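Welcome! Please take a moment to look over the sequence and the fold before reading on. The notes below walk through a helix, some enclosed empty spaces and one residue in a loop.

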Amino acid sequence: SKRCRERSWQLWKRRLGACCVGETHLSTTAHILRIGHSSAFLDESLPLRREPRAPKRQRPAKFWQQFEDRALFYDCFWSEDGNAIILLSPPPRNLLDHYRTAQVLAQPSGTPVKLSLHPARSTMVSVVTDAPQGTESLVFTIGGQRHVIDVQPNHCDALAGRRLLFTMNKDNDPQWIEAWVRWHVTMHGTDAVVIFDNGSTLYEPQVLEERIGAIEGVKTVCVVSWPYRYGPHDPGVVFHRYWANFLQVSSYTMLFRRLARRCEAVLNCDIDELIGNDGGPGAYERAVDSPDGIVTCKGTWVECVTDPAETDQPNHFAYRYRDKNPLKAICANKWALDPSRAWCDDLDVMPSVHRIYGISKSKGRAAPKLPFWHFKAINTNWKTNRRRADNFDPSRHRRLFDLDGEIAQYLERSKTIGRKG
């Protein structure tokens with residue numbers, strides 16, 4: 001209800017204190033990069049729709065409420081070299097022939113242009129290479145529907161040389177986000193942060209800009225409004241049940257092609273994850289120095305179990321135990337990437353959540369490794385009920401001494417940074 005939403009907002013304002021929109025008093029020295037995006041959707045009143053895999057299989061109503069059946073494009077922008085226009089969308093599925101036969105005109109010249117399609121399981125990259133310089137928009141006609149799509153600028157120059165950390169967010173506690181950024185600034189040298197905000201309702205983007213921008217070492221902050229359907233888990237298929245998370249997967253390509261190609265390196269890590277450095281160089285440095293420009297991060301689930309000695313520890317640090325069963329402790333990989341490598345020019349190379357598609361899996365297997373920890377307690381339970389407090393049980397839980405060591409290293413480095421400040 002409206003009353004409940006207002007009460008939630010008031011509670012958040014109390015927690016955020018002076019950091020609420022309209023009440024910001026933080027000293028922000030970072031550059032705040034604000035960008036728009038250009039989306040297009042099928043007409044809701046007409047029957048043309050994207051279908052899922054195995055469309056005739058039974059699925060619950062929740063799936064259809066969350067499935068993105070209308071998005072044609074999430075964004076449209078100039079390539080990093082200025083020689084092409086790139087459009088991002090969900091995979092075409094049954095709409096493939098409609099995309100292939102669509103009429104595309106570059107404006108203001110009115111020049112007909114060709115759309116080259118690069119479809120994948122959960123996203124599609126489309127490219128126009130024959131648009132005249134000075135093109136401001138594309139008129140895209142598909143299935144009898146006409147859409148005018150503005151061509152957005154490329155911002156790779158604004159992040160040139162940066163050590164970039166990025167993720168997607170919706171209503172996560174800003175204290176968690178701050179702690180996550182501080183960890184990666186201290187342990188890896190992060191100096192730029194990009195967050196795709198998936199329609200947060202508890203605070204405005206400026207709250208994150210201010211709080212992240214006030215962290216020592218952060219030089220650039222970009223919070224991208226990305227408010228569309230995230231996508232469902234699909235019970236109608238056996239393999240790749242998260243294939244319909246189109247928005248998240250497309251955000252990786254948007255970041256890669258529009259923001260990150262001139263970065264020193266890029267680190268893919270969610271707010272409930274902390275990447276360690278094993279007492280050596282950080283993820284960015286290792287990516288730059290690695291043979292193929294990749295670091296593979298191997299993860300461990302951290303249970304919602306606290307020791308009385310750590311009960312008062314902030315945020316992630318209160319949790320130091322994993323399940324003794326190694327099959328329950330392991331979680332999917334993350335990665336760091338040097339985007340300057342020549343193989344990144346291939347538009348079929350598409351970074352995704354747990355690996356980089358369009359390259360040999362052997363590159364990831366041969367890459368240098370770093371550990372990371374995935375904290376079940378740092379979660380809003382938006383996907384599954386992970387955040388269930390559990391009592392310590394020595395027969396089921398094992399202390400993460402490697403995490404203890406990384407936290408001790410972080411705290412020592414933080415003292416040094418504080419003395420320098």
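The expected span of a helix is 1.5 Å times one less than its number of residues. Keep that rule in hand as you look at this structure, which is a predicted model. How far apart are the end C-alpha atoms of helix α6? They lie 19 Å apart, and since the 14 residues of α6 (residues 246-259) should span 20 Å, the two values agree.

**Helix α6 and its surroundings**
- Are the residues of α6 buried or exposed? Of its 14 residues, 14 are buried, so the helix is largely enclosed by the rest of the structure.
- Helix α6 also helps to line the largest cavity and the second largest cavity.

**The largest cavity**
- Rolling a probe the size of a water molecule over the atoms shows where empty space is left.
- In this model, the count is two cavities of 30 Å³ or more.
- The largest cavity holds about 50 Å³ of space.
- Its lining is made up of Phe166, Thr167, Met168, Gln248, Ser251, Tyr252, Asn268 and Asp270.
- Strand β12 (163-169) and helix α6 each give at least two residues to this lining.
- By class, three residues of the lining are nonpolar, four are polar and one is charged.

**The second largest cavity**
- The second largest cavity has a volume of about 30 Å³.
- Around it sit Tyr252, Leu255, Phe256, Ala260, Val266, Trp335, Leu337 and Pro351.
- Two or more of these lining residues come from each of α6 and β19 (330-337), with α6 giving the largest share, three residues.
- What classes of residue make up this lining? There are eight nonpolar residues, no polar ones and no charged ones.
- Tyr252 appears in the lining of the largest cavity and again in that of the second largest cavity.

**Glu80, a loop residue**
- You can find Glu80 in the loop between β4 (75-78) and β5 (85-89).
- With a relative accessible area of 29%, Glu80 is partly exposed, because that value falls between the 20% limit for buried and the 50% limit for exposed.
- Although Glu80 and Arg258 are 178 residues apart along the chain, their C-alpha atoms are separated by 6.6 Å.
- Beyond its neighbours within four places in sequence, Glu80 is in contact with Asn154, Cys156, Arg257, Arg261 and Arg262.
- With one of these residues, Arg262, the side chain of Glu80 makes a polar contact of 2.7 Å.

Technical notes:
Residues are numbered from 1 along each chain as its sequence is written. This is a predicted model: local features need pLDDT of at least 70, side-chain atom pairs count only at pLDDT 80 or more; totals for chains, interfaces and linings use all residues. Side-chain values use heavy atoms; hydrogens and water are left out. Helices (H or I, at least four residues) and strands (E, at least two) are DSSP runs, numbered from the N terminus. Buried means under 20% relative accessible area, exposed over 50%, partly exposed in between (1.4 Å probe, protein chains only). On a 1 Å grid over the protein atoms alone, a cavity is a set of points where a 1.4 Å probe fits but cannot get out, and a pocket is an open set with protein on both sides within 12 Å along at least five of seven lines; lining residues have an atom within 4 Å of a point. Grid points are joined across faces, edges and corners, and a volume is the space filled by probe spheres set on the points. Ala, Val, Leu, Ile, Met, Phe, Trp, Tyr, Cys and Pro count as nonpolar, Asp, Glu, Lys and Arg as charged, and the others, Gly among them, as polar. Contact means heavy atoms within 4.5 Å. A polar contact is a pair of N or O atoms within 3.5 Å; within protein, one must be able to donate a hydrogen and the other to accept it, and residues adjacent in sequence count only if both atoms are side-chain atoms.
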